[in-house]
Amino acid sequence: MRLEKLYQVTFARENSPRSSRITLLFFLMYILFTGSNTSNLFSADPDVRARTLRYFLLVFTPILPIPLLLYISRRRSYEVQFQKIYTAVLICWSFSILAGGMFSMLTEWYNYISKDVDIIMDVLEISDKDDARVYYVNSTARSDWQFKGIAGTRAEVLQAYTKEILLPSATMNINLLRLIMIFVFAPLLRIDTLHFGFVSILTCVSYMALTVKYYPVTDSWPFILNRILVLCFPIVFASVMLLRNRDVDRVVRQDFLHVWAVELEAEKATREKNLIAEENRTLKQELAQRDGDFNLDLTSPLHSLLAELKSFLDSVDMSDEDTQRGMNIVRNLARLDQNLFMPDISAQMKSEKEVDNDTKNWALSVLARKDYTGTTRAGGTMSHSSHSNSNSDNRRSYKDGLGTSGAGAIGAGALVIAPLQEMPTWEDQKLSQVKHRIQQDGWDLDTLQIAEETGNRPLMYVTAAMFELHDMHEEFRIDRVVLRNFLYILDDGYLANPYHNSSHAADVVNSVNFLITTLADGQIRDTLTNLEFYAALVAAAIHDFRHPGKSNNYLIKAKHDLAIQYNDRSILESMHLAETFFIMRNPLCDIFGRMKDKPYREIRKAIIEMVLSTDLSMHLQLVGNLKALLLQESTVISPTSSNNGNGGLGATLTAASAGIKAVTDPMMIMKVVIKCADIGHAAKKRKLHVIWSSLIIEEFFLQGDNERANNSDISPFMDRHSENSAKNQVGFFEFIVLPFYETVSQVIFASDFGAIHNIAKQNYTLWKEADRRQLSSIVAIKSEVFLNDTVQVPP
């Protein structure tokens with residue numbers, strides 16, 4: 001019913017103007033033609049005036065409502081009544097035409113013919129004056145007379161024949177044309193089949209009634225056949241026109257339904273588009289503060305309290321001594337960080353004189369933290385060029401920590417060092433090519449391409465190239481065969497995951513090397529010892545060893561053996577470390593085999609801490625530690641502050657204002673370096689970045705497929721059937737990459753890191769552009785945004 005009403009309204013809006021114009025034109029023409037004898041209204045003959053007046057009443061009275069009906073049809077409130085209105089118009093016309101035709105033929109035309117008959121009789125000298133006899137014309141007098149009987153004088157007989165027989169039969173035949181005109185006119189008004197049928201029935205019944213009444217009764221077969229024709233022709237013609245009108249009506253309705261379905265789909269699409277646009281407007285409002293440089297506050301509650309305490313000390317007028325004491329308290333609290341309530345047993349044992357050495361050593365071995373504490377370091381400031389000489393006096397050499405005996409050492413002659421049986425042929429030419437590519441491409445080295453060029457051994461060749469470039473074999477007395485055995489087993493142990501594979505490990509090794517030795521002319525390299533640099537490269541190489549392509553959360557939900565073994569804490573990272581050190585139990589793969597116990601324990605601690613720091617669940621803790629160090633450095637008092645008379649105001653030098661980087665702790669530096677490298681694909685050039693992104697997204701989807709197969713809840717952004725890669729990556733940048741890079745650029749790296757940081761911001765802008773375009777598929781994002789050179793981002 002609602003759809004029918006919509007059709008009627010739509011039909012009326014489309015056809016009402018046309019129908020009203022046709023009706024108005026026909027109305028004017030009808031008045032013009034039927035009003036031709038208007039002058040008879042002013043005739044001197046009262047009979048003529050009376051007949052003309054009756055004619056106009058019969059013709060014009062039925063059509064008087066037509067102008068009003070036309071006006072109503074153009075009103076919006078009556079659109080749904082279009083069919084009824086024009087049906088009424090057509091009925092008015094039908095009665096006017098039929099009534100006018102009958103009156104005209106039977107009255108006016110009779111008067112014209114009657115005069116003509118009188119003239120003819122006068123010419124023939126037939127007059128009632130000469131012969132007043134009464135004549136009878138009937139079937140009795142004449143057997144061939146087939147009409148009703150006529151009696152009267154000769155003139156009266158002729159006039160009666162004309163009026164009662166000849167003129168009625170002619171009138172009914174001529175009026176068939178009027179009827180045809182009505183049936184032809186109806187489709188022009190766009191009357192539908194139902195209403196056209198109603199008009200046809202009403203008109204045909206009326207005409208048939210007039211025919212029965214006025215058509216002369218006769219026994220003449222020609223007249224009888226003509227009467228049958230006059231009666232049946234309107235029905236046949238109306239039926240044909242009705243069928244035609246039905247076909248037209250059906251086509252119009254089908255067109256309407258098609259247009260309606262298309263418009264319905266378009267309206268649905270528009271509603272969805274408007275809904276999405278509204279959601280986008282809401283998101284844009286929510287993310288208004290995050291346009292441009294995104295900065296997520298990752299400050300811990302403790303750091304906020306310390307910052308507030310420092311601000312309080314800066315604002316209170318105190319003596320230099322009190323200010324110094326307050327700043328020392330803030331600095332010491334900042335150093336404690338998450339160990340705020342843990343006693344420093346190492347410091348206490350060193351200052352405790354009443355405890356014997358054996359007890360001290362026992363307490364330290366049981367209660368002291370096992371974190372990396374750093375090795376003995378030479379005093380003085382390192383020059384930026386010292387990394388070019390591995391035996392520089394500015395960096396302590398570890399040759400004194402190496403030997404042919406001791407824990408884990410390989411005795412001379414105890415074992416023949418030889419390549420592993422399954423070791424592929426080592427190609428020195430490929431190694432030279434990789435070394436050249438490392439030096440040439442730097443941060444943007446494409447290790448995926450290196451994998452293709454080295455027979456899918458990117459980690460083996462890239463790491464070996466690093467050892468060659470930095471002469472680490474000599475420094476740490478690493479046998480080249482043992483190193484190659486180790487790197488082969490390491491490379492081979494990386495599974496064929498889309499992302500966490502040996503190409504990713506090689507990329508992290510290269511990125512760690514770049515950040516330490518190349519960025520800012522090797523500023524970080526000058527800070528680290530050779531052993532720490534060695535540990536950083538090894539940690540980068542092993543950090544995802546035997547990664548299954550599933551997250552820690554997946555292993556916990558699946559109650560995996562690894563989750564049980566490592567107690568749900570840094571599961572994969574612990575596994576990477578354990579599996580690597582199991583490899584080194586084989587003397588043919590033990591790259592630390594010639595180290596003495598102490599340096600071995602130090603490098604093992606460093607590697608463990610670095611790899612564990614790659615666990616994303618430790619990400620915020622690492623950022624918090626960095627901010628704590630920044631806060632710690634900002635409490636340093638200038639040596640001249642005691643003489644400035646400001647009571648500590650303005651005496652504080654921040655790391656940024658002094659041009660000094662806050663972090664000097666080697667372990668913190670190594671954690672930050674490997675973390676920057678691990679998420680470093682976010683800061684690669686756009687085409688390389690999107691390739692890495694598509695690989696990690698596919699790995700996410702594979703995990704989601706497993707979760708679906710196991711009837712488990714699918715992890716966020718890992719359902720390939722509801723992909724939203726743009727939103728996924730925008731979140732990755734906003735919550736992990738950009739806040740971390742922003743923090744480390746303040747506390748560790750020199751201004752040269754700004755180039756890497758800016759590339760990350762540009763890639764983030766491209767992901768935001770993909771999100772703005774409502775692209776969810778990584779395939780579409782790759783082709784329409786990242787690989788589309790017309791999409792530009794500000795440098």
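A nonpolar patch is a group of nonpolar side chains joined within 5 Å, made of residues with over 30% relative accessible area and no salt bridge. In this predicted model, L25, M29, L32 and F33 make such a patch, with an area of about 460 Å². One of these residues, L32, sits in helix α1, which covers residues 2-34. Because exposed means over 50% relative accessible area, L32, at 62%, counts as exposed. An α-helix has 3.6 residues a turn, so residues three or four places apart point the same way. That idea is a handy one to keep in mind when looking at the patch.

Stepping back to the whole protein, the model contains 30 helices and two strands. The protein has 795 residues, and 46% of them are buried. Its accessible surface comes to about 41100 Å², and carbon and sulfur atoms account for 57% of that area. The contacts tell a story about how the chain folds back on itself. Among contacts between residues at least 6 apart in sequence, 76% join residues at least 24 apart. One example of positions separated along the chain is given by A755 and A683, which are 72 residues apart in sequence, while their C-alpha atoms are 9.2 Å apart in space. A755 belongs to helix α29 (residues 753-772) and is partly exposed, with a relative accessible area of 48%.

The interior comes next. In soluble globular proteins, nonpolar side chains tend to be buried together. Here, the largest nonpolar core holds 116 residues, and the members that touch the most others are Y534, I607 and F749. Apart from neighbours within four places in sequence, I607 contacts A535, V538, A539, I542, L577, F581 and F592. A second core, separate from this one, has 44 residues, among them V59, I91, L98 and L176.

Two helices show what being enclosed looks like. Helix α19 spans residues 530-542, and the distance from its first C-alpha to its last is 19 Å, close to the 18 Å expected for its 13 residues at 1.5 Å a residue. This helix is mostly covered, with 13 of its 13 residues buried. Helix α22 (residues 571-583) also has 13 residues, and its end C-alpha atoms lie 19 Å apart, in agreement with the 18 Å that 1.5 Å a residue would give. Of the 13 residues in α22, 10 are buried, so the helix is largely enclosed by the rest of the structure. The buried residues of α22 are I571, L572, E573, S574, M575, H576, L577, T580, F581 and I583. Which elements cover them? The cover includes α16 (480-493), α19, α20 (552-557), α21 (561-565) and α23 (597-612).

Charged side chains add another layer to the picture, with a count of 20 salt bridges. One of them joins E267 and R271, whose closest N and O atoms are 3.3 Å apart. These two residues are four apart in helix α7 (residues 221-286), so about one helical turn separates them. E267 is partly exposed at 43% relative accessibility, and R271 is partly exposed at 47%.

Other salt bridges reach between helices. R484 and D428 meet through their side chains, with 3.6 Å from N to O. Because R484 lies in helix α16 and D428 in helix α12 (residues 428-441), the pair ties together parts that are 56 residues apart in sequence. R484 is partly exposed, with a relative accessible area of 21%, and D428 is partly exposed as well, at 47%.

A further salt bridge brings together the side chains of K557 and E707, at 3.3 Å from N to O. This pair links distant parts of the chain, since K557 is in helix α20 and E707 is in helix α27 (residues 686-709), 150 residues apart. Are the two partners buried or exposed in part? K557, at 41% relative accessibility, counts as partly exposed, whereas E707, at 1%, counts as buried. Salt bridges that share partners also join E698, D705, R708, D719 and R720 into one network.

Terms used. Residues are numbered from 1 along each chain as its sequence is written. This is a predicted model: local features need pLDDT of at least 70, side-chain atom pairs count only at pLDDT 80 or more; totals for chains, interfaces and linings use all residues. Side-chain values use heavy atoms; hydrogens and water are left out. A nonpolar core is a set of buried Ala, Val, Leu, Ile, Met, Phe, Trp, Tyr and Cys residues joined through side-chain atoms within 4.5 Å. Buried means under 20% relative accessible area, exposed over 50%, partly exposed in between (1.4 Å probe, protein chains only). Contact means heavy atoms within 4.5 Å. Accessible areas come from the Shrake-Rupley method with a 1.4 Å probe; for residues, only the protein chains shown count as cover. Patches are made of residues with over 30% relative accessible area and no salt bridge: like charges are joined within 9 Å, nonpolar side chains (Val, Leu, Ile, Met, Phe, Trp, Tyr) within 5 Å. A salt bridge is a side-chain nitrogen of Lys or Arg within 4 Å of a carboxyl oxygen of Asp or Glu. The expected span of a helix is 1.5 Å times one less than its number of residues.
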